[in-house]
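Reader: I would like a close look at a single part of this protein, with its surroundings described as carefully as possible. Could you take one element and explain what it packs against?

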Amino acid sequence: MGVFTAATLACALLALFGGIAMARRPPVSAPRPAEAASLPVAATPFGRLKTVIEAGEWSRALPPLLVLGGILGVMLFGALSLIFVFGQDRSGWPMFALAVLTIAWAVREYVRAEAGR
């Protein structure tokens, strides 16, 4: 098994554990503790995630980050596995380009997101 294939499987496990943790905990948009309840809630999912991260509530921020990172990792390392391990250049390179564009979009949206302040 190649390194890229192992990384793809590891990212799939991260996404799985993040999904399980999300199912067991209240979502990011759930009401916050009383001391932070006076802050407005952000309008976008990335804005809500940014609010939780800036507040330092890592127990609530970690599950969505695991899912997002796991899915993006599966896209990226899966494409690299197709290219370098399985020799599937015709399908691997378009998948790699899509993975890079998706990662760039996610970073851009997170940076542009307005946290609920």
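**A close look at helix 2**

Author: In this predicted model, the residues of helix 2 that are buried are Phe46, Gly47, Leu49, Lys50, Thr51, Val52 and Ile53. They amount to 7 of the 10 residues of the helix, which is therefore mostly covered, buried here meaning under 20% relative accessible area. For the protein as a whole, 32% of the 117 residues count as buried.

The cover comes from two partners, since the buried residues of helix 2 pack against helix 3 and against helix 4, which spans residues 89-112. With helix 3 (residues 58-85), helix 2 (residues 45-54) packs at an angle of about 135 degrees, the two axes lying 8 Å apart. That angle is why helix 2 is described as oblique to helix 3, and the crossing between helix 2 and helix 3 is left-handed. On the side of helix 2, the contact is made by Phe46, Leu49, Val52 and Ile53, while helix 3 contributes Trp58, Arg60, Ala61, Pro64, Leu65 and Leu68. Sorted by class, this contact of helix 2 with helix 3 holds 9 nonpolar residues, no polar ones and 1 charged residue. As for spacing in general, an α-helix has 3.6 residues a turn, so residues three or four places apart point the same way.

After helix 2 comes glycine 56, which has a positive phi, near 80 degrees. In the wider setting, the protein has 4 helices and 0 strands, and its pattern along the sequence reads α-α-α-α.

Terms used: Residues are numbered from 1 along each chain as its sequence is written. This is a predicted model: local features need pLDDT of at least 70, side-chain atom pairs count only at pLDDT 80 or more; totals for chains, interfaces and linings use all residues. Side-chain values use heavy atoms; hydrogens and water are left out. Axes are lines fitted to C-alpha atoms, for helices over the stretch in contact, and angles run from 0 to 180 degrees between N-to-C directions. Helices (H or I, at least four residues) and strands (E, at least two) are DSSP runs, numbered from the N terminus. Angles under 35 degrees count as roughly parallel, over 145 as roughly antiparallel, 65 to 115 as roughly perpendicular and the rest as oblique. A crossing is left-handed if the near helix is turned anticlockwise from the far one by less than a right angle, and right-handed if clockwise. Contact means heavy atoms within 4.5 Å. Ala, Val, Leu, Ile, Met, Phe, Trp, Tyr, Cys and Pro count as nonpolar, Asp, Glu, Lys and Arg as charged, and the others, Gly among them, as polar. Buried means under 20% relative accessible area, exposed over 50%, partly exposed in between (1.4 Å probe, protein chains only).
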